[in-house]
Amino acid sequence: MIGTFQPGRHGARDYGATLELDVDVVIVGAGAGGSAAAAACTERGLRVAVIEEGSHWQPSQFRPSSIWAWRNLYQGRGTRAAHGNAVTVLPGGRGVGGSTLINSAICFRTPEPVLERWRAEGCSRFAPAWMDMCFERIWRTLGVSVNPPEVQRDNNRIFKLGADRLGLKGAWLARAAPNCVGCGSCQQGCEVGAKRSADRTFLAEAVESGGCGVFGDCRVEGVESEGGRVTALLGQMLDPAQESPTGTFRVRARHFILSGGAIGTPRFLIDNGLAGGPVGENLRIHPTTGVVGRFDHDIRPWMGVTQGYYVDRWEEGYLLQVYNAPPDQAWVQLALKPAEALQWMADLRRCGSAGVVVHDEDSTGSVGRAGIQYSLGERDRRVLLEGVRSAARVFFAAGADAVVAGAQGVGAVPANADLSRAIPDDLPAHQLGLYASHPMGTCRMGAFPATSVVDADGRVWGWDNLHVADASVFPTSLGVNPQVTVYAVGLTVGAAVADAA
Ligand SMILES: Cc1cc2nc3c(=O)[nH]c(=O)nc-3n(C[C@H](O)[C@H](O)[C@H](O)COP(=O)(O)OP(=O)(O)OC[C@H]3O[C@@H](n4cnc5c(N)ncnc54)[C@H](O)[C@@H]3O)c2cc1C
Ligand code: SF4
């Protein structure tokens with residue numbers, strides 16, 4: 001049993017009834033942001049405790065089953081959703097590794113126009129030379145590469161074929177899974193250990209330094225403070241199976257970094273009255289919907305790299321990315337009447353699938369005591385529908401005989417249909433089934449306390465030693481998959497904390 005700080009990895013079975021930690025830096029959340037911040041702090045000689053409400057996992061413990069993964073690796077046991085003018089499923093990871101345990105490993109550098117805008121809004125640490133250094137380090141640490149064609153398999157290849165026939169700009173996706181065997185189960189955890197998630201990379205570096213203790217199965221809930229400084233965080237150890245409390249902990253430190261993600265961090269700040277300004281507002285998510293195309297030959301979409309190819313429609317406000325939904329989730333994606341959906345399920349081995357990822361611009365969202373709100377804006381709704389038609393055209397160019405989109409009331413659209421009539425621009429948001437795995441922006445970084453929650457060092461306005469390092473600090477939507485940018489935020493805020501320590 002441990003009762004005080006020890007470096008290494010600890011979980012439920014190691015704890016007694018109480019835990020008292022005293023370190024230089026506490027980090028709440030062991031996802032992309034928290035893990036990179038831990039690496040940045042330990043390499044500067046600081047003693048770090050990382051506190052994570054989910055458990056530690058070994059690849060051999062993962063199971064290729066959605067129900068298993070939702071129960072063990074997802075926030076809210078897989079039920080997290082946003083309320084608004086559309087139904088939006090909002091999955092997020094819970095465990096040492098955070099959302100990187102269940103992500104598809106796609107890696108994009110932060111687009112330069114986005115970084116320019118962020119710098120103009122006061123994010124002065126994101127200078128080009130610093131960001132280049134972060135990206136190089138992230139590429140090296142995550143082993144970012146493009147997987148070979150033999151592991152991409154037909155779900156990726158067929159989409160590339162359609163895009164090439166239409167002359168669309170696209171590419172194989174760079175991924176943090178250099179030894180991927182293409183089992184297609186990224187979002188249930190990588191059983192073969194090929195995916196280089198945060199727990200196996202940046203956090204492993206921090207632990208190997210000897211200065212970092214990772215305390216799994218511990219949820220941070222409260223705070224102690226004195227005169228503008230946080231002095232301790234309080235919380236409960238959890239039984240991982242029941243999520244019920246088994247004891248209490250208190251962790252004292254000189255510096256505190258919140259990395260609970262774009263939903264968890266604003267919730268903690270709001271619940272404890274720690275931040276004002278736009279805390280919890282400005283939620284962006286990259287609203288996404290699926291498109292399935294049916295062919296006359298086998299595709300077997302559940303095999304191959306989960307997400308291996310994309311079509312670049314950045315200028316038009318969206319990306320098309322191949323997406324492999326496992327069969328138990330494909331059923332939910334098929335917005336069809338039951339008899340027709342059953343037929344499509346019977347034909348699933350002949351289907352390919354992709355998603356439209358929208359760079360949300362005029363949608364509105366927030367996280368607060370009332371829950372998570374998100375309503376699709378008019379422009380974003382139109383961009384999403386244009387993306388759906390664009391994905392349909394790609395499937396038809398590759399030889400599909402029909403497509404189904406995540407839109408109620410549209411039905412299966414045959415190859416000879418007039419797409420602008422079949423998937424019309426005036427399709428209301430409430431008919432769209434949205435999925436969004438990129439929440440961001442709820443504790444935006446900026447130059448002024450009235451319009452931002454943290455300053456350029458990630459420090460919460462009004463506090464000397466309370467920082468945020470996760471996707472919540474993004475000042476705007478990103479437009480590309482966010483993990484690389486979150487790792488860069490973690491390295492940046494971690495360095496700022498180390499400078500101040
Ligand atoms: C299904 C899915 C697929 C994705 N695919 C990709 C992809 O291919 N490429 C890409 O770039 N991005 C992808 N993403 C997004 C990417 O993984 C996230 O943007 C990134 O991991 C966010 O990092 P973060 O540090 O902000 O939060 P997270 O990685 O979500 O980590 C937050 C952690 O904090 C913990 N926590 C929260 N509150 C508390 C508390 N009070 N006490 C203790 N612990 C707490 C949570 O349990 C969680 O583990 C995907 C996400 C999902 C969900
Ligand atoms: S597709 Fe590759 S990275 Fe994803 S779970 Fe399978 S082996 Fe791991």
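This is a short walk through the domains of a predicted model and the surroundings of its two ligands. Because the model is predicted, local features need pLDDT of at least 70 and side-chain atom pairs count only at pLDDT 80 or more, while totals for chains, interfaces and linings use all residues. Residues are numbered from 1 along each chain as its sequence is written, and chains are lettered from A and ligands numbered from 1 in the order in which they are written.

Let's begin with the domains, whose bounds come from an automatic or database domain assignment. Domain 1 covers 8-57 + 95-103 + 108-143 + 197-280 + 441-500, and domain 2 covers 74-89 + 147-186 + 285-435. Taken over C-alpha atoms, their centres are 31 Å apart. Where they touch, domain 1 supplies 12 residues and domain 2 supplies 14; contact here means C-beta atoms, placed from the backbone, within 7 Å. On the domain 1 side, helix α7 (residues 261-271) gives the most, with four residues. Helices (H or I, at least four residues) and strands (E, at least two) are DSSP runs, numbered from the N terminus.

Now look at ligand 1, which 41 residues surround, the closest being G29, G31, G98, G260 and G264. A residue counts as near if its C-beta atom, placed from the backbone, lies within 6 Å. Helix α7 turns up again here, giving the largest share of this shell, four residues. Elements giving two or more residues are α1 (32-42), β11 (218-226), α7 and α12 (483-500).

Finally, find ligand 2: 15 residues surround this ligand, and the closest are A177, C180, C183, C186 and C190.

How values were computed:
Two residues are in contact if their C-beta atoms, placed from the backbone, lie within 7 Å.
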